[in-house]
Amino acid sequence: MGSLNGRLEHEFEDESLVSPSAAFRKAHYLNQVQHDSMSRAPQEWKSHNIRSRLLNSIKIVIFSNRLNLLMPFGPLAIVVTHFSGHHGWVFFLSLLGITPLAERLGFATEQLSCFTGPTVGGLLNATFGNATELIISIYAMQNGMIRVVQQSLLGSILSNMLLVLGCAFFCGGIVFNQKEQVFNKATAVVNSGLLLMSVMGVLFPAVLHYTHTEVHFGTSELALSRFSSCIMLIAYAAYLVFQLKSQKNIYAPVNEEGDQSARRSDDKEIPEISKWESIFWLAIITAWISYLSGYLVDALEGASIVWKMPIAFISVILLPIVGNAAEHASAVMFAMKDKLDISLGVAIGSSTQIAMFGIPFCVVVGWIMGQPMDLNFQLFETATLFITVLAVAFLLQEGTSNYFKGLMLIFSYLIVAASFFVHVDPSAIDRTNLNRSLLTVGAW
């Protein structure tokens, strides 16, 4: 509009010097052009603003992270399913396709938390922080794969507590090798207590099963699991209230003991996308993860046969590494910046979410779906969880970390991974014996 006015002024410049009528005509035309431009401006500006915001949102969510280069592997897994049906490739491509989606889901949740405040933000993190594992678990439960659900949730806890936390301690200790990094012991103690409570919920149904001391065989174990799951969900809700409302001051990071007002202003995050954009991307990413999870679960058993790997190893080791990829990267990054409290919150906090929210939630969902999902994780898995929680609790009790502690956690995870690689699940043995019996009957 400015350039048009300039041309009109130049056009009438000579005439205005000769006659007053030319000056009048000049003013009339300028007012007419300005009026027409202002009448068209709101509609043009509105459409341009919506288009620019949409493009900017896509740029931030889709093109701002190099990990998103793996997104095309999701559609490729669907194409391979329909044209070749090779379970090994479908499972592998689905894993690669879900990895960036899990990271972007965490990003959208963090952006939405900037608008909701700490309380609702904590609930959002509890719900969507481990949404990938929960979605895969629900799909597996629909297919009656209860053991896959139990083992994948167990693997998520083990991966966060040993591998993620170990890498954070190790990398932070290498960067700051001249000192011991410190973190808030109050947070570590409370989380360790919640993890021990979850071990108690998992341990008692397994003890009932293996000691054959159930009042009603086959039903008491399931009833105890559902009751314990409800108690664990209530305990986790009380923990959120305790942490975010009642005693939130004792959870302040130890490296930030300065002025509280300055700390609040520094910690206040500026969202990159709006609230409604966050909700939109949260819905889109969750729906896409849900769709891909169906292909992942359907190809799991076939991939186990093709790769000659136990289903227990795939469920406990491979699936959680994909679901925890974003948490792994962020925990290491914060540890290398000497923000160990955030790393601890990512690793141990995520384990607490799965143990006190994810597992009981799946038991309740299985209850609603009519699936016998219980807390009996079998003897081998229960013992692994119990020893892991005790080992990590001992390492956290001093409130300090170094690269050697991280190295111990990483080596412990390697031992756990090797153990599940040579572990044959009892349910797999039962299925094998059943198939052999059916073949024998058919031969006769």
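These legends walk you through several close-up views of a predicted model.

**View 1. Helix α17 and the side that faces its neighbours.** Helix α17 takes in residues 403-421. With 19 residues at 1.5 Å each, α17 should span 27 Å, and its end C-alpha atoms are indeed 27 Å apart, so expectation and model agree. Look next for the buried residues of α17: K405, G406, L409, I410, Y413, V416, A417 and F420. They cover an arc of only 135° around the axis, which means that they lie on the same side of α17. Their packing partners are α7 (146-175), α13 (311-323), α16 (378-396) and β2 (400-401).

**View 2. The start of α17.** Here you can find N402 and F404. A side-chain oxygen of N402 comes to within 3.1 Å of the backbone nitrogen of F404.

**View 3. Helix α15, with a kink along its way.** Helix α15 is built from 30 residues, 340-369. At 1.5 Å a residue it should span 44 Å; the C-alpha atoms at its ends are 41 Å apart, which agrees. Follow the helix to I354 and you reach the centre of a kink of about 35°. Of the 30 residues of α15, 23 are buried, so the helix is largely enclosed by the rest of the structure. Just after α15 comes G370, with a positive phi of about 80°.

**View 4. Two cysteines without a bond.** C167 and C171 are the pair to look for here. The sulfur of C167 has its closest cysteine sulfur in C171, 6.0 Å away, and that is too far for a bond, because a disulfide needs the two sulfur atoms within 2.5 Å. C171 is likewise in no disulfide, and a search of the whole structure finds zero of them. As for their surroundings, C167 is buried, with a relative accessible area of 16%, while C171 is partly exposed, at 24%.

**View 5. H212, a residue in a loop.** H212 sits in the loop between α8 (185-211) and α9 (220-246). Although H212 is not a glycine, it has a positive phi of about 55°. Its relative accessibility is 61%, so H212 counts as exposed.

**View 6. Q378, a residue in a helix.** Q378 belongs to helix α16. Its phi is positive, about 70°, although Q378 is not a glycine. Is Q378 buried or exposed? It is buried, with a relative accessible area of 16%.

Methods:
Residues are numbered from 1 along each chain as its sequence is written. Side-chain values use heavy atoms; hydrogens and water are left out. Helices (H or I, at least four residues) and strands (E, at least two) are DSSP runs, numbered from the N terminus. The expected span of a helix is 1.5 Å times one less than its number of residues. Buried means under 20% relative accessible area, exposed over 50%, partly exposed in between (1.4 Å probe, protein chains only). The arc is that of the directions from the helix axis to the C-beta atoms. Contact means heavy atoms within 4.5 Å. A polar contact is a pair of N or O atoms within 3.5 Å; within protein, one must be able to donate a hydrogen and the other to accept it, and residues adjacent in sequence count only if both atoms are side-chain atoms. The bend at a residue is the angle between axes fitted to the seven residues ending there and the seven starting there.
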